[in-house]
Amino acid sequence: MNEMNNKNVYFDRKRKSRVYTFFCLMIYSVANIMYKAIHLFFCKKNKNISKKYNVSICAIFKNEGRYLKEWLEYYKLIGVEHFFLYNNQSDDNYEEILKDYIDSGVVTLIMWPYQAAQIEAYQDCIIQFKELTNWIGFVDIDEFVVPIEDDKIGDFLKKYDSYPSVKIYWKMFGTSGLLNRDKTSFVTEDFIVAWDKLYEVGKCFYNTSYDIDFNDPHNKLMHHCLWGKFKGGISLPPVNSKYDFCLDGLETYSYNKTVIQCNHYFTKSYSEYIEGKMSKSDVFFKDNPHDLDYFYRHELKGVCPDYHIFKYLIKLKLKMLDKEGGAVI
């Protein structure tokens, strides 16, 4: 992370100078107009057909059993109907946690015993399951997409059903000052302090009516910036919620109001970061970059409370109590 920022967003890549920034903005403006014209003339009728599921999620996990139930119940609350979960050699209690979800048909569990093969898992999901669902979101177990203007993710996505994918920007959350944390408490309740702006990096929801060229270099990090091909063979980048096309490192993000965000609980508490991110292998990186310097670069930007996800918290707690056999009021 070597970012700068404007009034709305932190950029992932440092803008070297004002001249360089101006040059990037000019390139982006021209490209954005070109892609909007292509979309206008060729893609308006490229609608989703009815499939078994409307919105599904694909995720890869490794030893995150502690967090799975809250994550699943949250996404069910906002309208996700199915989960394609890739287990990357976990040795915790994930099977016990997932059993009821698998038995009820909510989760499809795929064993994925490969090192640093996150993108390959996403590609496998698309190949195997795209005919079952209109949308596939690629998010991690520490990421919670929060519709702000809408309440359901499907209501948000239906506005973009002629686009290949929608990119939802990260809102980065730190420790909220917690060294340690009760293992039974809620990630979504405990961590309230975030960066003051959104981060240019985000995650994509893929419209399965489009094809994907896995050999396209734009799709090297497809979960962050997924390009889709319509029937004419032309590839289009994702759009953000303002209908602007997202070009890696060039987008401007001139929002006055955020209508959706992806809460990224990247560190959680200090001890969870040390025990999790620092000490264990990663599903993406061959060499784990998550050291203390990495931690503090993120933590020092955590200066603002963000409660957008709290609108779901009571329903989420009641669902969790119900699942665990507790008393529901």
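The following exercises, each with a worked solution, concern the predicted model shown above.

Residues are numbered from 1 along each chain as its sequence is written, and side-chain values use heavy atoms, with hydrogens and water left out. Because the model is predicted, local features need pLDDT of at least 70 and side-chain atom pairs count only at pLDDT 80 or more, whereas totals for chains, interfaces and linings use all residues.

**Exercise 1. Overall composition**

State how many helices and strands the protein has, and what percentage of its residues is buried.

Solution.
Step 1. Helices (H or I, at least four residues) and strands (E, at least two) are taken as DSSP runs, numbered from the N terminus. The protein has nine helices and 13 strands.
Step 2. A residue is buried under 20% relative accessible area, exposed over 50% and partly exposed in between, with a 1.4 Å probe and protein chains only. Of the 329 residues in the protein, 54% are buried.
Step 3. A contact requires heavy atoms within 4.5 Å. Among contacts between residues at least 6 apart in sequence, 76% join residues at least 24 apart.

**Exercise 2. Cysteines**

Determine how many disulfides the structure holds, and explain why C125 and C204 are not bonded to their closest cysteine sulfurs.

Solution.
Step 1. A disulfide is a pair of cysteine sulfur atoms within 2.5 Å. The structure holds zero disulfides.
Step 2. For C125, the closest cysteine sulfur belongs to C58 and lies 3.6 Å away, which is too far for a bond. C125 is buried, at 0% relative accessibility.
Step 3. For C204, the closest cysteine sulfur is that of C225, at 6.0 Å, again too far for a bond. C204 is likewise buried, with a relative accessible area of 0%.

**Exercise 3. The surroundings of D306**

Locate D306, classify it as buried or exposed, and identify the side chains with which its own side chain makes polar contacts.

Solution.
Step 1. D306 is placed in the loop between β13 (302–305) and α9 (313–323).
Step 2. Its relative accessible area is 5%, so D306 counts as buried.
Step 3. A polar contact is a pair of N or O atoms within 3.5 Å; within protein, one must be able to donate a hydrogen and the other to accept it, and residues adjacent in sequence count only if both atoms are side-chain atoms. The side chain of D306 has one such contact with that of K171, at 2.7 Å, and another with that of H308, at 3.1 Å.
Step 4. When neighbours within four places in sequence are left aside, D306 is in contact with K171, F173, I192, A194 and Q261.

**Exercise 4. Packing of α2 and α3**

Describe the relative orientation of helices α2 and α3, and list the residues through which they meet.

Solution.
Step 1. Axes are lines fitted to C-alpha atoms, for helices over the stretch in contact, and angles run from 0 to 180 degrees between N-to-C directions. The axes of α2 (residues 65–77) and α3 (residues 94–103) come within 8 Å and cross at roughly 25°.
Step 2. Angles under 35 degrees count as roughly parallel, over 145 as roughly antiparallel, 65 to 115 as roughly perpendicular and the rest as oblique. Helices α2 and α3 are therefore roughly parallel to each other.
Step 3. A crossing is right-handed if the near helix is turned clockwise from the far one by less than a right angle, and left-handed if anticlockwise. The crossing of α2 and α3 is right-handed.
Step 4. From α2, residues G65, L68, K69, L72, E73 and K76 meet Y94, I97, L98 and Y101 of α3.

**Exercise 5. Positive phi outside glycine**

Give the phi values of A116 and S176, and compare the loops and accessibilities of these residues.

Solution.
Step 1. A116 is not a glycine, yet its phi is positive, near 50°. The residue sits in the loop between β4 and α4 and is buried at 16% relative accessibility.
Step 2. S176, also not a glycine, has a positive phi of about 55°. Its loop runs between β7 (165–173) and α6 (187–190), and S176 is partly exposed, with a relative accessible area of 25%.

**Exercise 6. A residue in strand β2**

Which residues does A59 contact beyond its neighbours within four places in sequence?

Solution.
Step 1. A59 belongs to strand β2 (residues 53–61) and is buried at 0% relative accessibility.
Step 2. Its contacts beyond those neighbours are W71, F84, L85, Y86, V139 and I141.
Step 3. For I141, 82 residues apart from A59 along the chain, the C-alpha separation is 7.1 Å.
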